[in-house]
Amino acid sequence: MVHALREVHRVLAPGGILIDARPDSRVAAYAERRKRQGFQRFGVVNTSRRELPNDRASDRAIARAVHEGLFKRRRRGRFWHSVPFGSLAELRQYLWEHLRFVRRARWVVDEATRMRYANEPFVIRRAVRYEILERATR
Amino acid sequence: MLGKRVLDLGCGDGRFALGVASFAASVEGLDPDEEVIAAAKKAARKAGARNVRFGVGAAQRLPHPDGAFDVVLLSWTL
C-alpha cells in the first residue's frame with residue numbers, strides 16, 4: 001500500500017491532490033427501514049473480523065506516507081453512504097454475499113416489527129472515511 | 001476537478017471516472033481487473049465521454065510519467 005502511495009506521489013504534479021475514500025470500520029453500519037420522512041433503525045451491522053486488519057493497514061499506509069513527507073493532510077472526515085434494497089430479504093442476501101460485513105444484522109426491533117415491514121424499502125447506511133492530501137514537494 | 005487531469009486508481013466499472021469526466025480536462029481509470037475495465041470502456045462509449053480512457057494496471061507500478069496528473073482518486077482502493 002505504501003508503495004502504491006509512493007507511485008501516486010510520483011505521478012502527481014507539484015501541489016496535486018490525492019482524494020482517498022474507504023469504508024470506516026471504526027463505526028458500525030445500520031440496517032434501516034426507509035420511511036416517508038427519514039429512517040427507522042432496525043439493526044446494527046458489524047464489519048467482519050477478517051476485514052479489520054486490512055482497514056487498519058490502510059490507515060497505517062496513509063499515516064506512513066504523511067510521516068515520510070510524501071503528502072500533507074488538508075482535510076479528513078466521515079460521511080454516510082446508503083445502499084438501497086427493495087425488501088428485507090434483499091438486504092439479507094446482500095449481507096450473505098458481501099464479505100465485508102458479518103452475515104447477520106444485530107436486530108434492535110422485535111421479529112414481529114421486522115415481518116410487518118419486510119417488503120418495504122430498506123437501506124444499509126455505512127460510514128465512509130475520506131482524506132484529502134496534498135502532494136508535498138519532497 | 002474543473003480542468004484537471006484526473007487519475008482514478010482502482011476505478012472498477014468507471015462510475016467515478018465517468019462522473020468527473022464532464023468537469024475534468026481528462027480522466028484516466030486504472031484497475032487490475034480486465035472484466036471491469038471492459039465494462040468501464042463500454043460505459044464510456046455509451047456515455048459518449050471522449051476525455052476518458054480506461055486501462056488494466058496496478059497501482060504499485062503506474063505506466064505514467066512523473067507529474068502527469070493534478071488529482072488522483074483512491075476510492076475503496078487502499
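Which residues have the most contacts inside the largest nonpolar core? In this predicted model, they are A:L18 and B:V72. The core has 36 residues. Strand β4 of chain B, residues 69-75, gives the most to this core. Its contribution is five residues. A second, separate core has 13 residues. Among them are A:Y30, A:L88, A:L95 and A:I124.

The surroundings of B:V72 include residues of both chains. Leaving aside residues up to four places away in sequence, B:V72 touches A:V8, A:L12 and A:L18. B:V72 also touches B:L7 and B:L9. One of these partners, A:L18, is named with B:V72 for the most contacts inside the largest core.

The two chains were then examined in turn. Chain A has four helices and six strands. Along the sequence, these elements follow the pattern α-β-β-β-α-β-α-β-α-β. The radius of gyration of chain A is 19 Å, whereas the globule rule gives 14 Å for 138 residues. The value is well over the rule, so chain A is more spread out than a compact globule. The C-alpha atoms of chain A fill a box of roughly 60 × 30 × 20 Å along the principal axes. Of its 138 residues, 28% count as buried. Contacts in chain A were also sorted by sequence separation. Among those between residues at least 6 apart, 82% join residues at least 24 apart.

Chain B contains two helices and four strands. From the N terminus on, its elements run β-α-β-α-β-β. Its radius of gyration is 11 Å, close to the 12 Å that the globule rule gives for 78 residues. Chain B is therefore as compact as a globular protein of that length. Its C-alpha atoms fill a box of roughly 30 × 30 × 20 Å, again taken along the principal axes. Buried residues make up 44% of the 78 residues in chain B. Among contacts in chain B between residues at least 6 apart in sequence, 56% join residues at least 24 apart.

Contacts between the chains come next. On one side are 19 residues of chain A, and on the other are 18 residues of chain B. Three elements of chain A each supply at least two residues of the side that touches chain B. These are α1 (2-11), β1 (12-23) and α2 (52-67). β1(A) gives the most, with 10 residues. By residue class, this side of chain A divides into 12 nonpolar, three polar and four charged residues.

Strand pairing also joins the chains. β1(A) pairs with β4(B) in the parallel sense, over six bridges. Within this pairing, A:D20 has B:L74 as its bridge partner in β4(B). A:A21 stands opposite B:S75 in β4(B). Thus β4(B), the strand that gives the most to the largest core, is also a pairing partner of β1(A).

β1(A) has a further partner within chain A. Seven bridges join β1(A) to strand β6 of chain A, residues 122-135. These two strands run antiparallel. In β6(A), the bridge partner of A:R22 is A:R129. β1(A) is thus joined to β4(B) in the parallel sense and to β6(A) in the antiparallel sense.

Note on methods. Residues are numbered from 1 along each chain as its sequence is written. Chains are lettered from A and ligands numbered from 1 in the order in which they are written. This is a predicted model: local features need pLDDT of at least 70, side-chain atom pairs count only at pLDDT 80 or more; totals for chains, interfaces and linings use all residues. The radius of gyration is taken over C-alpha atoms; the globule rule is 2.2 Å times the number of residues to the power 0.38. A residue is buried if 20 or more other C-beta atoms lie within 10 Å of its own, exposed if 12 or fewer, and partly exposed in between; C-beta atoms are placed from the backbone. Two residues are in contact if their C-beta atoms, placed from the backbone, lie within 7 Å. A nonpolar core is a set of buried Ala, Val, Leu, Ile, Met, Phe, Trp, Tyr and Cys residues joined through C-beta atoms within 7 Å. Ala, Val, Leu, Ile, Met, Phe, Trp, Tyr, Cys and Pro count as nonpolar, Asp, Glu, Lys and Arg as charged, and the others, Gly among them, as polar. Two strands pair if DSSP finds at least two bridges between them.
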